[in-house]
Structures are given as C-alpha cells and as structure tokens.
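Student: I have this model open at the bench and would like a close look at one part of it. Could you walk me through it?

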Amino acid sequence: MAALRPSLGRVLPGSSILFLCDMQEKFRHVAYFPQIVSVAARMLKNTALDLLDRGLQVHVVVDACSSRSQVDRLVALARMRQSGAFLSTSEGLILQLVGDAAHPRFKEIQKIIKEPAPDSGLLGLFQGQNPLFR
C-alpha cells in the first residue's frame, strides 16, 4: 500500500483524537451535566490552534460546532481553516473512520448515518455565499 499523504486530510482510527470545546454552564440543568463536564475536562488539553501548532492534523466537525452568534461561528471556522484545520461533517468523518462495508460494525454505523443530520445553518457556507470560505 502506498504511503498516505498527510495533506489529504484522511481520518485514521489509529491516529485520531477527539477535540471538544465550549462546554457551556447554561446547560448545567441537563441530566449528568457535572459528569459530562468532568469527562470532557479529562479529554481536553488544547485548542484547535494549539494542536495545529504542535504539528497535528485537526479535523473540525462543523455540524457539531456552535457559538453565541452565527458570525462568531463562521469566523472561528474560517480561522481554523486558514490555519490548516480540515472542515468536515459528522457523516463524512464517521464514513472515513469506518472505511468501507468490510468494517465489522458497518451495518450498525450505517443505521446511524441513514438519518440525516439536522440542518445546522451551514449550507450557504458551502454554496459559496460566504466570503470567509472562498
């Protein structure tokens, strides 16, 4: 097998990590929120820019990102992209991690992605309507 070029932005299960940010206290009334915050704190050590600065490849799940305003959200995504992060969707990353139908849990995962992800307000971004992403 030929060596993979790092510039392709492939997500590989053996070398992938999760980056989670912006746990908001206003959701503290949600069941198990303290436990979720505790687990998230264990997993978090860096921002996307910190990870890029360390030379790591960063993939951002854009349909799982939010901010106080759509403008802040779009500018943050543009900033990460300018800095070298790969922007993808949850379905796109799930399919990259699974690889193909030979994956032992493919049928189970296929059921998850059959249900379309809810609209997260980013469609215009990828239709060239946003000057931040040209």
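Student: Which residues make up the largest nonpolar core?

Tutor: Happy to take you through it, and please keep in mind that this is a predicted model. The largest nonpolar core is built from eleven residues: Ala48, Leu51, Leu52, Val58, Val60, Val62, Leu74, Leu77, Met80, Ala85 and Leu122. Two helices, α2 (48-53) and α3 (70-82), each supply at least two residues of this core. In soluble globular proteins, nonpolar side chains tend to be buried together.

A good place to start is Val58, a member of that core. Leaving aside its neighbours within four places in sequence, Val58 is in contact with Ala48, Leu51, Leu52, Ala85 and Phe86. Of these partners, Ala48, Leu51, Leu52 and Ala85 are also listed in the core.

From here, move to strand β2, which spans residues 86-88 and includes Ser88. Ser88 counts as buried because its relative accessible area is 14%, under the 20% cut-off. Beyond its neighbours within four places in sequence, Ser88 touches Val60, Val61, Val62, Asp63, Leu93 and Gln96. Among those partners, Val60 and Val62 belong to the core.

Asp63 then leads us to the second largest pocket, where Asp63, Thr89, Ser90, Ala117 and Pro118 lie nearest the centre. This pocket has a volume of about 290 Å³ and a lining of 18 residues. Helices α4 (90-98), α5 (106-114) and α6 (123-126) each give two or more residues to that lining, and α4 gives the most, with three. By type, the lining holds ten nonpolar, four polar and four charged residues.

One of those lining helices, α5, is worth turning in your viewer. Its buried residues are Phe106, Ile109 and Ile113. Seen down the helix axis, they fall within an arc of 65 degrees, so they line one face of α5. An α-helix has 3.6 residues a turn, so residues three or four places apart point the same way. The buried residues of α5 pack against α4, while the face turned away from them carries the exposed residues Lys107, Lys111 and Lys114.

To set all this in the whole chain, the protein has six helices and two strands, running α-α-β-α-β-α-α-α from the N terminus. Buried residues make up 20% of its 134 residues. Among contacts between residues at least 6 apart in sequence, 67% join residues at least 24 apart.

Terms used: Residues numbered from 1 in each chain as written. Predicted model: local features only at pLDDT ≥ 70, side-chain atom pairs only at ≥ 80, totals over all residues. Heavy atoms only, no water. 1 Å grid on protein atoms, 1.4 Å probe; cavity = no way out; pocket = protein on both sides within 12 Å on 5 of 7 lines; lining within 4 Å. Points joined across faces, edges and corners; volume = space filled by probe spheres on them. Helix = DSSP H or I, 4+ residues; strand = E, 2+ residues; numbered from the N terminus. Nonpolar A, V, L, I, M, F, W, Y, C, P; charged D, E, K, R; others polar. Core = buried A, V, L, I, M, F, W, Y, C linked by side-chain atoms within 4.5 Å. Buried < 20%, exposed > 50% of the residue type's maximum accessible area, 1.4 Å probe, protein only. Contact = heavy atoms within 4.5 Å. Arc of directions from axis to C-beta.
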